[in-house]
Amino acid sequence: MSSNTRNTATLRSQSGFWRRAPAFTPTEVDFAFSSDMLDAFDEPATLLPFKDQTDMVVSNPTTEQPQSISPNTADPKDLSTQPEHQESTDPGDSAEVNSIGSPVSSGKDPLMQKYHAVLSAANIDLEQLQKLSWKGIPAECRGTSWRLLMGYLPLNASRRELTVQRKRKEYDDWVGQTFSRGEDSLDRTLWHQIRIDVPRTTPGSPIFQSQRIQRSLERVLYCWAARHPASGYVQGINDLLTPFYYVFIQQHLPQISQYASATNTDSNASALETLLGSLDDKSVSAIEADSFWCLTKLLDGIQDNYTHAQPGIQRQIVKLKELVARIDGPLAAHLDSEGVEFIQFAFRWCNCLLMREMNLASTIRMWDTYLAEPNGFSDFHTYVCAAFLLKWSAELRKLDFQKIMMFLQSPPTESWGVKDVELLLSEAYMYKCLYHNSPSHYSTGNSSGRR
């Protein structure tokens with residue numbers, strides 16, 4: 001079979017994806033990545049300061065070297081000392097929440113005390129919150145932190161309660177106006193597509209197989225699409241809603257975390273429905289409204305990904321291809337020789353932000369960093385996609401076209417945890433430091449690549 005025939009077949013198989021219905025700035029240093037350091041720390045030490053290094057291998061050494069820059073983000077080298085967050089079972093260590101989910105109790109954990117100091121301030125220090133969030137947010141603080149980082153909650157505490165009440169009422173009014181006359185009054189094509197997609201959303205989590213949750217997700221997606229006719233609903237937006245919904249529902253039901261990726265047995269389903277049934281309608285309405293507004297904020301920042309022809313995603317894929325060629329010439333050459341086009345696998349990576357390649361817990365940890373990064377869901381995500389692809393370089397260079405596509409459509413990430421995600425983020429950060437805004441950033445000529 002010719003490469004063109006294979007490419008056409010692959011694109012047809014993926015045609016469903018085309019259906020439409022100031023941060024902390026660390027000291028400027030060079031970074032060297034060393035996998036040999038992993039065993040020396042409880043957490044992966046992926047980016048280590050290495051002054052005046054001479055052994056960093058950068059492809060295409062004969063051309064102008066990438067600039068060393070201040071990346072305007074939190075320094076991920078501190079991941080090596082960041083404890084993996086565990087759900088607290090001690091009531092004295094857990095944070096209470098008020099009506100908008102703000103932590104009001106710091107407990108004994110030093111990290112929680114830092115978050116308490118930031119989140120309880122009369123005026124939130126956004127730069128400090130971003131610095132803390134880059135390294136991962138404790139579950140008890142994540143809901144409030146995400147709302148603040150998304151720009152949904154005001155940084156001034158005195159304005160917060162009234163703002164949230166107003167925004168929740170505004171959303172509730174929209175829902176009432178939209179659905180008061182029943183489904184027959186809705187846009188049938190749009191509603192039909194949403195009703196098809198929602199049951200497929202995060203299939204590995206039984207939480208999102210609950211009928212009550214699915215009806216809530218449908219309302220959010222329809223209201224968003226109806227108010228954004230320039231882009232409308234695109235497959236993949238349903239995936240982007242679920243992290244917000246899960247994080248906000250976890251504030252009301254901390255024990256729901258045990259069902260995030262649990263096996264959907266009859267006993268689990270029954271226990272989960274009982275747990276979800278304990279949520280009153282007012283709480284569900286608040287979770288739904290907050291999820292709507294945060295999804296809106298997110299999509300406003302990457303709207304080119306979902307307008308006609310999705311030009312934002314097209315640009316990301318072009319940059320990803322050129323970046324991989326710059327970093328790993330042999331892999332880029334092998335993919336080209338096998339007729340593999342980046343759009344055949346990377347479209348989904350950009351459209352769904354790698355959510356279909358990772359479990360829900362890994363996605364949420366990754367979003368902690370994305371929310372702390374300037375343009376985290378666009379520019380930084382491209383570097384994460386590059387690091388993700390390069391992670392499998394040795395395996396991919398041994399495979400032919402068909403096996404490459406099968407591998408990339410279902411990468412071996414089932415057992416990934418926090419450490420794996422933080423390693424990926426650190427590698428992406430390293431590539432950003434080396435190549436972002438460099439004059440030769442996307443130069444691919446004479447690229448020697450990784451060996």
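**View 1. The second largest pocket of this predicted model and the residues around it.** The second largest pocket holds about 640 Å³ of space. Its lining is made up of 26 residues, and those closest to the centre of the pocket are Pro-203, Met-355, Arg-356, Glu-357 and Met-358. Two or more lining residues come from each of the helices α8 (237-252) and α14 (360-372). Sorted by class, the residues that line the second largest pocket comprise seven that are nonpolar, twelve that are polar and seven that are charged.

**View 2. Helix α11, seen along its residues 311-327.** Helix α11 has 17 residues, and because each residue is reckoned at 1.5 Å, the helix should span 24 Å, which agrees with the 24 Å that separates its end C-alpha atoms in the model. Several residues of α11 are buried, among them Gly-312, Ile-313, Gln-316 and Ile-317, and, further along the helix, Leu-320, Leu-323, Val-324, Ala-325, Arg-326 and Ile-327. The elements covering these buried residues include α12 (329-337) and α13 (343-351), together with α15 (376-390) and α18 (418-435).

**View 3. Glu-341, in the loop between α12 and α13.** Glu-341 has a relative accessibility of 36%, and it therefore counts as partly exposed, since that class lies between the limits of under 20% for buried and over 50% for exposed. Although 64 residues separate Glu-341 from Met-405 in sequence, the C-alpha atoms of Glu-341 and Met-405 are 9.9 Å apart in space.

How values were computed:
Residues numbered from 1 in each chain as written. Predicted model: local features only at pLDDT ≥ 70, side-chain atom pairs only at ≥ 80, totals over all residues. Heavy atoms only, no water. Helix = DSSP H or I, 4+ residues; strand = E, 2+ residues; numbered from the N terminus. Expected span 1.5 Å × (residues − 1). Buried < 20%, exposed > 50% of the residue type's maximum accessible area, 1.4 Å probe, protein only. Contact = heavy atoms within 4.5 Å. 1 Å grid on protein atoms, 1.4 Å probe; cavity = no way out; pocket = protein on both sides within 12 Å on 5 of 7 lines; lining within 4 Å. Points joined across faces, edges and corners; volume = space filled by probe spheres on them. Nonpolar A, V, L, I, M, F, W, Y, C, P; charged D, E, K, R; others polar.
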